[in-house]
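Hi there,

Here is the structure I promised to pass on. Please have a look when you get a moment; my notes follow below.

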Amino acid sequence: MAAPLARRVAHLTALAQAAVGFDVARGDLLQVEDLAFEENRMQQPVSLPGQLLATAEGSPVLIKYAALLTGILVVVAFGVRPALRHARFAPGPAIKAGVRELPGHAEVAEPRVFRPPDSVEVDPERLRAQEIFEQVTGHLKREPTQSSRLLQSWIHSD
């Protein structure tokens, strides 16, 4: 490696001497040195996480989607999973953790029993809104042309 570098420096010296009109008789002096610049130094290889963080810092879209994904994961972990755990089938009063002991017999595993809610209160306003929705949906299915004309008149009424 030193020999090609020395040859390159000698070649650059000869080129520089020719360019400036170098004359030894006048006492001209020309020196070419190989100096490393900061940008040319060998940099330490960046690890994969470092490369990913550098890319993320320069990309606001990537940061936005990463934050969205993190939010979704938090909602699933702390909201949906506990709700699903509570909504699963609940054991009946005679069943302890899915196993019932019969007299004179070994323990027998029983399937879990789904218990519906004790009382379901129906909101009369909600029932009325559902009835109206069903009536409008039925009318839209029976009279699609009239419904589309009504919708167009609403759009163009401004």
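**Thr13 and its contacts**

Leaving aside residues up to four places away in sequence, Thr13 touches Leu30 and Val32. Thr13 sits in helix 1, which covers residues 2-20. Its relative accessibility is 17%, and since buried means under 20%, Thr13 counts as buried. Before going further, please keep in mind that this is a predicted model.

**The overall picture**

The secondary structure comes to 5 helices and 2 strands. Along the sequence, these elements follow the pattern α-α-α-β-β-α-α. The protein has 158 residues, and buried ones make up 4% of them, with Thr13 counting as buried at 17% relative accessibility. The exposed surface of the protein is about 14800 Å², with 62% of it supplied by carbon and sulfur atoms. As for contacts with a separation of 6 or more, residues 24 or more positions apart account for 15% of them.

**Helix 3**

You may enjoy this one. Helix 3 runs over residues 60-87, which gives it 28 residues. From its first C-alpha to its last it reaches 39 Å, close to the 40 Å expected at 1.5 Å a residue. Where does helix 3 bend? The bend is at Val76, and it comes to about 35°.

Val76 also turns up in a nonpolar surface patch of about 720 Å². The other residues that make this patch are Val61, Tyr65, Leu68, Ile72, Val75, Val80 and Leu84. Ile72 is found in helix 3, and its relative accessibility of 46% makes it partly exposed. That value fits its place in the patch, because patches are made of residues with over 30% relative accessible area.

**Two salt bridges**

Side chains of opposite charge can pair when their charged atoms come close. How many salt bridges does the structure hold? There are 2.

One of them joins the side chains of Asp28 and Arg26, with 2.5 Å from N to O. Is Arg26 buried or exposed? Arg26 is exposed, at a relative accessible area of 56%, while Asp28 is partly exposed at 27%.

The other pairs Glu131 with Arg128, and here the closest N and O atoms are 3.6 Å apart. Both residues belong to helix 4, residues 124-142, and because they are 3 residues apart in that helix, about one helical turn separates them. Glu131 is partly exposed, with a relative accessible area of 41%. Arg128 is partly exposed too, with a value of 44%.

**Ser147 in helix 5**

The last stop is Ser147, which has its place in helix 5, residues 144-155. Is Ser147 buried or exposed? At 13% relative accessibility, Ser147 counts as buried. Not counting residues up to four places away in sequence, Ser147 touches His139 and Leu140. Helix 4 covers residues 124-142, so both of these partners of Ser147 fall within its range.

If you open the model, I would begin with the bend at Val76 in helix 3 and then turn to the patch that includes Val76 and Ile72. After that, the pair Glu131 and Arg128 in helix 4 leads on nicely to Ser147 in helix 5.

Happy to talk it through whenever suits you.

Best wishes

Methods: Residues are numbered from 1 along each chain as its sequence is written. This is a predicted model: local features need pLDDT of at least 70, side-chain atom pairs count only at pLDDT 80 or more; totals for chains, interfaces and linings use all residues. Side-chain values use heavy atoms; hydrogens and water are left out. A salt bridge is a side-chain nitrogen of Lys or Arg within 4 Å of a carboxyl oxygen of Asp or Glu. Buried means under 20% relative accessible area, exposed over 50%, partly exposed in between (1.4 Å probe, protein chains only). Helices (H or I, at least four residues) and strands (E, at least two) are DSSP runs, numbered from the N terminus. The expected span of a helix is 1.5 Å times one less than its number of residues. The bend at a residue is the angle between axes fitted to the seven residues ending there and the seven starting there. Contact means heavy atoms within 4.5 Å. Accessible areas come from the Shrake-Rupley method with a 1.4 Å probe; for residues, only the protein chains shown count as cover. Patches are made of residues with over 30% relative accessible area and no salt bridge: like charges are joined within 9 Å, nonpolar side chains (Val, Leu, Ile, Met, Phe, Trp, Tyr) within 5 Å.
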